[in-house]
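Got your viewer open? Let's take a short walk through this structure, one selection at a time.

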Amino acid sequence: MKRIFILIVFSLIYQSVSAQNNFSVKGNIVTKEDYPISGNVIALTANDSTFVKGDFFMDGTFVLNDLPNQALIIKLSSLEFDNQFFNINFEKESHVDLGIIELDKAGVQMDEVVITRRRPTYVQQANGTIAVLIENSSLASSNSVTEILSRSPDVLIDEEGQISLFGKSNTLLYLNGKRIDQTQLDLIPPSNIKKIVIIRNPSSKYDAEGSSVIEILTISNTAQGHQVKLLQNLNYSNFAGANTYSDFNIVYNRGKLSTRLNYSLTQGKDRHILHTTRNRLAEEIFIKTDLTTEWKNDYKNYSKFGMGTQYDLTDRSYLSLEYSGFYEQLGGEQISSNTIEDLMNVNHYQSEIQRRDLFKNNNYSLNFNQSLDTIGSQLFAGGQYSNFDFTAHNPITEMSMENNQIFNRSLKINTDLNINIISAQLDYTKAFHNQSTMQLGMKYSDVNNNSVSNFFIVEEDNNLQLVEALSNNFDYDESIGSVYLSYNSQLNTTLKYNIGLRSEYTRYNLRLSQLEGLEIKDDYLNIFPQLSITKIFDDQRSINFSYTSRIRRVPYQRLNPVLIYQDPYTSIQGNAESIPEKIHTFEVNSSVQNFNFRLGYSYTIDPFGGGAVRGDDDRSYILKRLNFDSKHQYFASISRTFETNWLSSNNTFNLRYTDIIDNQFDFEDVGSRPNVYFYSNNRIPIKNWFNNEFSFYYLGDNDEGLYQRKSSWNLSWGVSKNFLDNALKCQVLLNDIFHSVRAAGDYSIGETDIYFARKWNTNYVRFSLSYNFGQLKKDNYRNTAVGSNENNRAR
């Protein structure tokens, strides 16, 4: 730690001194619709075009600092436009500002730059970060952000709906720099998203709870006027039926005030099925269980809404206030059918839960941002309050057929859940003229999770008899305080580094009514170092090495040890003794021309897991949460982007090897073998008539020490056409054409062999219409004067 601190201090002193004689060039490339371009900026000597320095830019803004005082050629390259060249010198000014380079709607730059290729959907950097460009793409007409992620490279969604990246165990979600959970993810209208950035090796700025980060950036319109976006989707599948998604967005900007309002509504049917077998084949304990659980969901009223306003205090500062929430009323049934065979009989059990669920959420956030200078220094302060309220009063009907006799009984589950979250954060960024930045920040969050679950037997006179063994009052409090330091700089023009340190202090307290008088509490301090080094050989070749250390805390409900009813012989149980898992990841990323290569290793201590363990009854099983001893994972990948006049193609091939080690529980070790993942997205225009888009992924069989997971794949095809000067967009999507997406596998614990297979409503046809109207007018002032004052440039 002392060496790290000394290195940062001396580097800051060196950078501050060297910045006094620094020569730099900067500029900004945008479209007329305010779409930012991604690409490379390279400085070459004017006499012989020798490489001097280069960098990658994501949002149209490029800066090259610490340049020599001589005549140079600035080369701009991208998949989105032909190479562009600018001659510059520093005779009059030491800081050259090329100003705003604007592209019109057709993709033609007004004076210099001509676009000859389509805008790519996926842009990848040498350090493994991938940007998925949503705005004005077919992905903007998706029903949800989760759907977009399921169609993105490297992103995996497991059988419980958890989002992760290939080779990474836990992924955090961020919206415009603020962390959100998966519930809040569903509040974001896809049509409001500019891009999604998939960060494989996050810096210390991000919470340590994730080994990777997905950051969603929304569209920010600063132009004056108003704009309205309407979207209507109709989905149909033979598997689930029909559902609709309607979305309305309005932006109104006047003077210093910017306002946004959005509302969406989902209605209709959804469905998914889980088939499980649990077999004990030894004669003395012989039993075979065949269980199918079917969720038939009826979205009665799935409303999501939000509004936000931003007021520009000055030309360098703003204050914003935002509200978002949802109201989700769910009906339908959960039907379980279970056949149990032993040496004596074959018995049948069936249960049906009538869903009467209501889930409400309200979020309030207040942010302040102050730009401190013209090179990127800024101060950010923000606070957020969120409330989640869930109620369910679900009657259950059971029917059992044992020894040719039929038995019936009625049950009821009443659940009330309330979660309150308060968080505040402060971030300070100091930028130096030589392209170095230092980030300091702190964050505090406090969570209270209270749930009451009462399980009743309905007697013949309709009186409710409480079953205390299946009822519980769960109260959980957690607070996390964190501070971080991150520093980006370079040792020379081709060698960059990022070093960071994050510290988090966690305290929690768990109280259960079934364990009266007992409190489960703990507190712990963790420190997470992070390092990234990038070597740039030339504009076509670079290599990056990174190390990150992260933590994954136990989800609240997984700490609850009280049994939760699923069917007469299946229940779910948390584990109050669960502990966080800790992950250490080493990764090398390299870019060679249009190829990107990745090689990595991660080591996880106390990884999360689970399994069906035998209950008190020989026929019953409990789905229990566990911590294994360790997990080793090796991964490698190669990706390639093709861009021609008739094809835009992004392709990724991944390979990983996973070994989970268990020395506590009675899992059978099935060995490990490599797991293959291939992803391809291809866009093919048919003249000026319409656009075709094909996407495909294949996730192969995966043996990972304790679990064997079966392969899954998806082939989808979409066709779209724009009308009325691109104001009206029509799209047809055939998703998962062969209904081949599944989560299936097997494992053995104790004497029981378990197989599971889950299918969702992924095979559907979608008809989509989107229409934009209104007009946003911006100040089209372009500043191309060398060394002009920052205050005279358009924002």
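Here is a tour of four loop residues in what is a predicted model.

**Stop 1: Gly167.** Select Gly167 in the loop that links β11 (163–165) to β12 (171–175). Is Gly167 buried or exposed? Its relative accessibility is just 2%, so Gly167 counts as buried. Now show what is around Gly167: leaving out residues up to four places away in sequence, Gly167 touches Arg200, Ser602, Gln633, Phe635 and Arg656. Add Tyr601 to your selection too. Gly167 and Tyr601 are 434 residues apart along the chain, yet 8.3 Å separates their C-alpha atoms.

**Stop 2: Thr762.** Hop over to the loop between β47 (752–759) and β48 (764–777), where you'll find Thr762. With a relative accessible area of 16%, Thr762 is buried, because the cut-off for buried is under 20%. Which side chain does the side chain of Thr762 make a polar contact with? Turn on side chains and look at Asp736: the contact is 2.6 Å. Not counting residues up to four places away in sequence, Thr762 also touches Asn735, His739 and Val741.

**Stop 3: Asn404.** Next, pick Asn404, in the loop between β23 (378–402) and β24 (405–431). Asn404 is exposed, with a relative accessible area of 77%. Check the backbone here: phi of Asn404 is near 65 degrees, a positive value. Why point that out? Most residues other than glycine have a negative phi.

**Stop 4: Asp725.** Finish in the loop between β44 (712–723) and β45 (728–735) by selecting Asp725. Phi is positive at Asp725 as well, near 60 degrees. Asp725 is exposed, at 61% relative accessible area.

Key. Residues numbered from 1 in each chain as written. Predicted model: local features only at pLDDT ≥ 70, side-chain atom pairs only at ≥ 80, totals over all residues. Heavy atoms only, no water. Helix = DSSP H or I, 4+ residues; strand = E, 2+ residues; numbered from the N terminus. Buried < 20%, exposed > 50% of the residue type's maximum accessible area, 1.4 Å probe, protein only. Polar contact = N/O pair within 3.5 Å; in protein donor to acceptor, adjacent residues only side chain to side chain. Contact = heavy atoms within 4.5 Å.
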